[in-house]
Amino acid sequence: MRPLSIALTAALALAASPAISNDLSDAIKGLTRSTTWTLVDEVPLNFNTHHPQGMYRIGDDFIVSTVEIITRTQRYDTPQDGYDRDAGEGRGWLYRFSAEGELLDEVELGEGDIYHPGGIDFDGEAIWVPVAEYRPDSASIVYRVDPETFEAEEVFRFRDHLGGIVHNLESGSLHAVSWGSRRFYDFDLASIDEVEMTDAVPLDEATMNSAFYVDYQDCHYLAGQEMICSGVSSFTPPNDAPSFGLGGLEIVNLEDDRPVHQVPVALWSPAGRPMSQNPFFLETTENGIRAYFIPDDEDSVMFVYEAEL
C-alpha cells in the first residue's frame, strides 16, 4: 500500500468540516435548468473499472466502488422466494486512483451473493461502503474502510439492498437508500453493534421516497441535515421513438427524507449515457462548482465539468 500523502492527510482533517459542505450546499442550490456546464478535462482511467457505482475525492486521489459482473442476473418468469431474479455472480471492489487515472490501491468487498457495492461516502476518517446482492429486496453488508491502509471492517448486515449510504456527522447516524432509492433507512451508529440481520429495520418501517425525478446512484453527506445525490431516470416515448436517459442532482433533507433542491444535468457521454449514470463527486471552486463523473463501464473516462454561478 502507498503511504498516506500530505495532501490526503490534510483532506482527512478538512473533509469533515461543516463549513466546506455548507458552501457546497449553497452552491448546488444555485444550479438551475439553464446552468451552463463546461467540460474542462477528460481523464482516461488506465484500469478496468467494471461497473462503477460510488466515488469520492480524498486529497489528490479518488476512491471508486465498482462491481465486476461475472454472470449477469436472470429474471424469473414468476418470483421465487421473494426475489424477481437470481443472484448472478460477481466481485465487489473499492479502488483508489490518481488524478491522472492510475490505479493505486484496491480491496475486494462482499461475500457469496453479496458482491454489488453501492454509492459511498467519506466522513473525514473512514470510507463507508454498502455491498448488496445484485437484486432488490435482498441483503447487504455495510463496511467501513480506512483511507490510509485500505483495510475494510464489516460494521453490520441488513435485510434489504442498500444502494448508497452517507454518514450524518451532525446526528451521528447513517442514512441509506434501497434499490432504485425507493426506500430510506436511518441507523443509529451509537447502537450499531446491536444490529443483526434478524432484527434489522423491516421493510415496512422504511420511509418511502416521495421524489420520482431520478433514482439515486450515489450520495454524499453535505452538512447539517442534508445529503446530495446524483441519479438517472430512463424514459421511453410512444410510437417506437428511441428511449433516453436524463440525469439529475437532488439535495435531500435527512430529517424528513424530502428533496430540498432538484436540478437536471443535461450532459451525456460520447456513448450516450447520462453523466450521472454512475458515480459522481462535487466540490466548490472560486466561481461555482466542479463536478466529476464516470458514466461508462469498463474502459472508463472521468469527465470533469465546471459551472459558474
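What follows is a walk through this structure, from the overall numbers down to a few individual residues. Keep in mind that this is a predicted model.

Let's begin with the overall makeup. The protein holds 23 strands and 2 helices. Of its 309 residues, 52% are buried. The exposed surface comes to about 13,800 Å², with carbon and sulfur atoms supplying 46% of that area. As for how the chain contacts itself, take the contacts between residues at least 6 apart in sequence: 56% of them join residues at least 24 apart.

Now for the sheets, with one to look at in detail. Strands 13, 14, 15 and 16 make an open, antiparallel sheet of 4 strands, in the order 13-14-15-16. Its edges are strand 13, covering 162–168, and strand 16, covering 207–208, and each of these pairs on one side only. If you zoom in on strand 16, you'll find that strand 15 (residues 183–188) pairs with it in the antiparallel sense over 2 bridges. Arg-183 has Met-208 in strand 16 as its bridge partner.

Next, the interior. The largest nonpolar core has 31 residues, and the ones that touch the most other members are Met-55, Leu-94, Phe-97, Ile-127, Val-129 and Met-302. Several strands give two or more residues to this core, among them strand 2 (51–58), strand 3 (61–71), strand 10 (127–133) and strand 23 (301–308). The largest share, 4 residues, comes from strand 6. There is also a second, separate core of 21 residues, which includes Val-265, Leu-267, Leu-282 and Ala-307.

Ile-127 is a good place to pause. Setting aside residues up to four places away in sequence, Ile-127 touches a long list of partners, including Ile-58, Ile-63, Leu-94, Phe-122, Tyr-143, Val-145 and Phe-150. Some polar or charged company turns up too, with Asp-121 and Arg-144 among the residues that Ile-127 touches.

On to the aromatics. The structure holds 17 aromatic pairs. Take Phe-62 and Phe-97: their ring centres are 5.4 Å apart and their planes meet at 15°, so this pair counts as stacked. Phe-62 belongs to strand 3 and Phe-97 to strand 6, so the pair ties together parts that are 35 residues apart in sequence. What about burial? Phe-62 has a relative accessible area of 2%, so it is buried, and Phe-97, at 0%, counts as buried as well. Both rings belong to one aromatic cluster, along with Phe-47, Tyr-56, Trp-93, Tyr-95, Phe-122, Phe-281 and Tyr-292. For an aromatic ring with a charge over it, turn to Tyr-83, where the charged end of Arg-135 sits over the ring, 3.6 Å from its centre.

Last stop: a glycine in a loop. Gly-119 is found between strand 8 (114–117) and strand 9 (121–122). Is this loop residue buried or exposed? Gly-119 has 0% relative accessibility, so it counts as buried. Its contacts, leaving aside neighbours within four places in sequence, are with Gln-53, Gly-54, Trp-128, Pro-130, Gly-163, Gly-164, Ile-165, Gln-217 and Asp-218. Val-129, one of the well-connected members of the largest core, lies 10 residues from Gly-119 in sequence and 6.9 Å from it in space, C-alpha to C-alpha.

Conventions:
Residues numbered from 1 in each chain as written. Predicted model: local features only at pLDDT ≥ 70, side-chain atom pairs only at ≥ 80, totals over all residues. Heavy atoms only, no water. Pairing = 2+ DSSP bridges. Core = buried A, V, L, I, M, F, W, Y, C linked by side-chain atoms within 4.5 Å. Buried < 20%, exposed > 50% of the residue type's maximum accessible area, 1.4 Å probe, protein only. Contact = heavy atoms within 4.5 Å. Phe/Tyr/Trp six-rings, centres within 6.5 Å; stacked < 30°, edge-to-face > 60°. Lys NZ or Arg CZ within 6 Å of the ring centre and 35° of its normal. Areas by Shrake-Rupley, 256 points an atom, 1.4 Å probe, with all protein chains shown as cover.
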